[in-house]
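Please look at the model below with its strands, its nonpolar interior and its aromatic rings in mind. The paragraphs that follow take these topics in turn.

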Amino acid sequence: MSSSDINMLVDMGFSLSKAEKALEITGNKGVVPAMEWLLAHTDEAEPTPEQSVVENVPLSVAQTPVQDDSTSATSEISSTEVAKSIKCNICGKLFKSNLEVEFHATKSGHDRFSESTEEKKPLTEDEKKEQLRILTEKLKQKNKEKAEQERMDTIVREKNRIRAGKEMAEARKKWEELETKKMLEQRRHEKEQEKLARERVKAQIEADRAARRAKAGDEQPVIKQTPPEPSSSTTHTKKNYSETRLQIRLTNGTSLTQTFGSKEQLSAVRLFVEMNRTDGSGPFNLMTSFPKKIFTKDDYDTPLDVLGLVPSSVIIVKSAVQESA
């Protein structure tokens, strides 16, 4: 037996005992069949304490062998005092149930009622139909209110779902921003390490250059023994080619231009290309076109002036994959 059906029937004005009885007799098929049964049996009075006392009177009378006239009169008075209906003190109408009283009070505005010993006549078919119509309207109104409540609950759930989705999207966005920040920080750290490595290479190159200058200074007395003019000419040539300007053409058609020391090794040029190229990160080789020469691993330890790349030259970056193909 559904408690919601019982509550709905009680809200309509039926007593709890009658609502339970109606649902039980109709096989718990819902509010409408139970309501129809209740309207069809509105004449059935509910058992009350007063009725129980009256029903017990004949039994006591049967067990008493002698009754006087006073006892009979008392019995008649007590039986006539049993309330058989509810009367409106304003208009005098009689009602059988609390539901009828509630409907009359709502419709007429009367608010004074009392129990009456007068018995209300059974409802006619038209009155039963009217009562059924009223109860049906009440049932429709309750169903409408229930549907409206369910709709509002659905709206609230949808709003909660949307809010939860927004919160999840914001959390994902923050996570992506943190990941991006970490990646940028890592990339910055890598660039700093590359910069430090390049500075170490440059420092090594400068140290090698200083060592060569020191060695050349130790050999200067021997050079002074040579004729003055060739010596000054040789010194002038070395001064003019202390640096070289290289144009480096990448595989995507763009160019890089950088000045290197003439005594720097070709490996310094390769390191510069690796750190500044914009055509990808694949393996590559260095070459010149005039004269055409592809530099090997042994050439990377050779100074630029020895390789003939001073005072300026064009170096081409060629993909190692293309070369092997």
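Lys87 has Leu94 as its bridge partner in β2, and this is part of an antiparallel pairing in which two bridges join β1 to strand β2, residues 94-95. Five residues lie between the strands of this hairpin of β1 and β2, and in the hairpin Gly92 takes a positive phi near 80°. Strand β1, residues 85-88, is also joined by four bridges to strand β3, residues 113-116, and these two strands likewise run antiparallel. Within that pairing, Ile86 finds its bridge partner in Glu115 of β3. The model in which these pairings appear is a predicted one.

Elsewhere in the chain, the largest nonpolar core consists of 18 residues, and those with the most contacts inside it are Ile248, Leu266, Val269, Leu286 and Leu309. At least two residues of this core are supplied by each of β4 (243-249), β5, α10, β6 (284-289) and β8 (312-319), while the largest share, four residues, comes from α10. What is Leu286 in contact with, leaving aside its neighbours within four places in sequence? Its contacts include Leu266, Val269 and Arg270, as well as Lys293, Ile294, Phe295 and Tyr300, and, further along the chain, Ile315, Ile316 and Val317. A second core, separate from the one just described, has 17 residues, among them Leu9, Met12, Val31 and Leu135.

The aromatic rings can be taken next. A pair of such rings is described by the distance of the centres and the angle of the planes. The count comes to one aromatic pair, formed by Phe260 and Phe272, with 5.8 Å from centre to centre and 85° between the planes. This arrangement is classed as edge-to-face because the angle of 85° lies over the 60 degrees that the class requires. The pair links distant parts of the chain, since Phe260 belongs to strand β5 (residues 255-261) and Phe272 to helix α10 (residues 266-276), 12 residues apart.

Are the two partners buried or exposed? Phe260 is buried because its relative accessible area of 6% falls under the 20% limit, and Phe272, with a relative accessible area of 13%, is buried as well.

Another ring is accompanied by a charge: the charged end of Arg270 sits over the ring of Phe284, at 4.2 Å from its centre. Arg270 is also one of the residues in contact with Leu286.

Conventions: Residues are numbered from 1 along each chain as its sequence is written. This is a predicted model: local features need pLDDT of at least 70, side-chain atom pairs count only at pLDDT 80 or more; totals for chains, interfaces and linings use all residues. Side-chain values use heavy atoms; hydrogens and water are left out. Rings of Phe, Tyr and Trp (its six-membered ring) pair if their centres lie within 6.5 Å; planes under 30 degrees apart count as stacked, over 60 as edge-to-face and the rest as tilted. Buried means under 20% relative accessible area, exposed over 50%, partly exposed in between (1.4 Å probe, protein chains only). A charge sits over a ring if NZ of Lys or CZ of Arg is within 6 Å of the ring centre and within 35 degrees of the ring normal. A nonpolar core is a set of buried Ala, Val, Leu, Ile, Met, Phe, Trp, Tyr and Cys residues joined through side-chain atoms within 4.5 Å. Contact means heavy atoms within 4.5 Å. Two strands pair if DSSP finds at least two bridges between them.
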